[in-house]
Amino acid sequence: MRKYISELYIEERLLQEDPSLGLFSVIFGVVVGVITSISSIVGTYIRRSNIKEDSVQSIKYTKLITKLTKNDDLKVYVVKDQIPNAFFAGGNDLFLTSSLVKLLADDEVVSILCHEYGHKVENHITKHIIYNSIATTILFSLIVPIVILIPNGPKIMIAIVTYMLGDYAAQIVHAQFFGRRHEFYADSYAKKLGYGSQLKSALKKLDSYYKKLMCKDLSKEECRLIMEPSLEDEHPSVKDRIGKLLLSLSPKNIIKMFTDKKG
Ligand SMILES: [Zn+2]
């Protein structure tokens with residue numbers, strides 16, 4: 001008889017004692033996964049009702065992106081916020097913060113909107129929900145049997161640690177195999193719409209803004225470390241993003257970019 005608890009042992013016991021528990025674990029995992037994913041989107045919509053919108057700027061950028069993409073359903077929200085940021089939260093709504101609009105030139109702001117629109121075109125939010133649901137399903141399929149089948153001992157502690165490690169691993173896998181690929185795709189979509197060089201200069205401006213903000217009292221090495229994306233970060237480094245943009249640009253545009261003193 002095995003004296004240790006392995007995943008295989010638990011699965012074996014699960015099947016021997018009550019096969020319906022396996023199904024229960026899977027259904028439980030799906031439900032929790034979907035609820036977790038959808039609640040983050042609902043949270044975004046709820047927060048949206050409390051935001052202060054700069055309607056003049058919102059109308060201006062809605063017109064620009066609508067004209068470019070020929071998608072009349074799009075709506076840009078310029079939200080009053082001190083931190084430069086932009087995101088797509090599903091539907092037809094693209095969000096920009098007022099400080100991002102202030103920091104960048106008009107065509108650079110449009111390049112960021114093209115990037116966010118790329119996320120919409122490729123259904124990245126839906127793909128994220130599906131990934132989360134599958135990852136949570138697998139995780140709970142492992143945890144529920146642990147809680148149910150381990151008769152004694154610190155089973156709650158084991159379940160919590162398994163959940164935390166599993167969740168972290170799932171975030172890393174998502175970032176490395178999906179999230180970063182989505183970011184590169186959204187960048188290349190901006191390039192496809194003719195805004196590759198503008199996106200490159202926008203990324204450079206944002207990078208130096210964040211460097212100034214975060215590296216105030218740090219050494220060069222500490223600054224490099226803090227700016228380096230962590231394993232679970234969906235966003236690749238600015239250097240990698242610009243590198244990819246350069247690879248996908250025509251030689252003529254690359255020469256133009258390097259000779260353009262404003263970029
Ligand atoms: Zn993005």
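Helices here are DSSP runs of H or I with at least four residues, strands are E runs of at least two, and both are numbered from the N terminus. On that basis the protein, which is a predicted model, has 11 helices and 3 strands. Along the sequence the elements follow the pattern α-α-α-β-β-β-α-α-α-α-α-α-α-α. Of the 263 residues in the protein, 25% are buried. Among contacts with a separation of 6 or more, 66% are between residues 24 or more positions apart.

A convenient place to start is helix α5, which covers residues 106-121. Its 16 residues should span 22 Å at 1.5 Å a residue, and the C-alpha atoms at its ends are 22 Å apart, so the expected and modelled spans agree. Burial in α5 extends to 13 of its 16 residues, so this helix is largely enclosed by the rest of the structure.

Two packing partners of α5 can be described, beginning with α3. Helix α3 spans residues 55-69. The axes of α3 and α5 lie 10 Å apart, and the two helices pack at an angle of about 60 degrees. They are therefore oblique to each other, and their crossing is right-handed. On the α3 side the contact involves Y61, L64, I65, L68 and T69, which meet V109, V110, L113 and Y117 of α5. Sorted by class, this contact has 8 nonpolar residues, 1 polar residue and no charged residues.

The other partner is α7, a helix that runs over residues 155-192. Here the axes come within 7 Å, and α5 and α7 cross at roughly 125 degrees. That angle makes α5 oblique to α7. The crossing of α5 past α7 is right-handed. From α5 the contact takes S111, C114, H115, Y117, G118, H119 and V121, and from α7 it takes H182, Y185, A186, D187, Y189 and A190. These residues divide into 7 nonpolar, 5 polar and 1 charged. Y117 of α5 appears in the contact with α7 and also in the contact with α3.

The chain leaves α5 through N123, a residue in the loop between α5 and α6. Phi of N123 is positive, near 55 degrees, and N123 is not a glycine. Most residues other than glycine have a negative phi. The surroundings of N123 hold 13 C-beta neighbours inside 10 Å; a residue is exposed at 12 or fewer and buried at 20 or more, so N123 counts as partly exposed.

A positive phi also occurs at K70, where the value is near 60 degrees. K70 sits in the loop between α3 and β1, the latter being residues 75-79. With 7 C-beta neighbours inside 10 Å, K70 counts as exposed.

After N123 comes α6, residues 124-149, which packs against α7 at an angle of about 155 degrees with the axes 10 Å apart. That makes α6 roughly antiparallel to α7, and the crossing of the two is right-handed. The α6 side of the contact consists of H124, K127, Y131, A135, L139, L142, I143, I146 and V147, while the α7 side consists of K155, I158, A159, T162, Y163, G166, D167, A170, H174, F178 and H182. By class, the contact of α6 with α7 contains 12 nonpolar, 5 polar and 3 charged residues. H182 of α7 takes part in this contact and also in the one with α5.

Within that packing, A135 of helix α6 gives a local view. A135 has 21 C-beta neighbours inside 10 Å and so counts as buried. Its C-alpha atom is 8.0 Å from that of D167, although A135 and D167 are 32 residues apart along the chain. Both residues belong to the contact between α6 and α7, A135 on the α6 side and D167 on the α7 side.

Further along the chain is helix α8, made up of residues 196-214. At 1.5 Å a residue its 19 residues should span 27 Å, which agrees with the 27 Å between its end C-alpha atoms. The buried residues of α8 are G196, S197, Q198, L199, K200, A202 and L203.

Note on methods:
Residues are numbered from 1 along each chain as its sequence is written. This is a predicted model: local features need pLDDT of at least 70, side-chain atom pairs count only at pLDDT 80 or more; totals for chains, interfaces and linings use all residues. Axes are lines fitted to C-alpha atoms, for helices over the stretch in contact, and angles run from 0 to 180 degrees between N-to-C directions. Angles under 35 degrees count as roughly parallel, over 145 as roughly antiparallel, 65 to 115 as roughly perpendicular and the rest as oblique. A crossing is left-handed if the near helix is turned anticlockwise from the far one by less than a right angle, and right-handed if clockwise. Two residues are in contact if their C-beta atoms, placed from the backbone, lie within 7 Å. Ala, Val, Leu, Ile, Met, Phe, Trp, Tyr, Cys and Pro count as nonpolar, Asp, Glu, Lys and Arg as charged, and the others, Gly among them, as polar. The expected span of a helix is 1.5 Å times one less than its number of residues.
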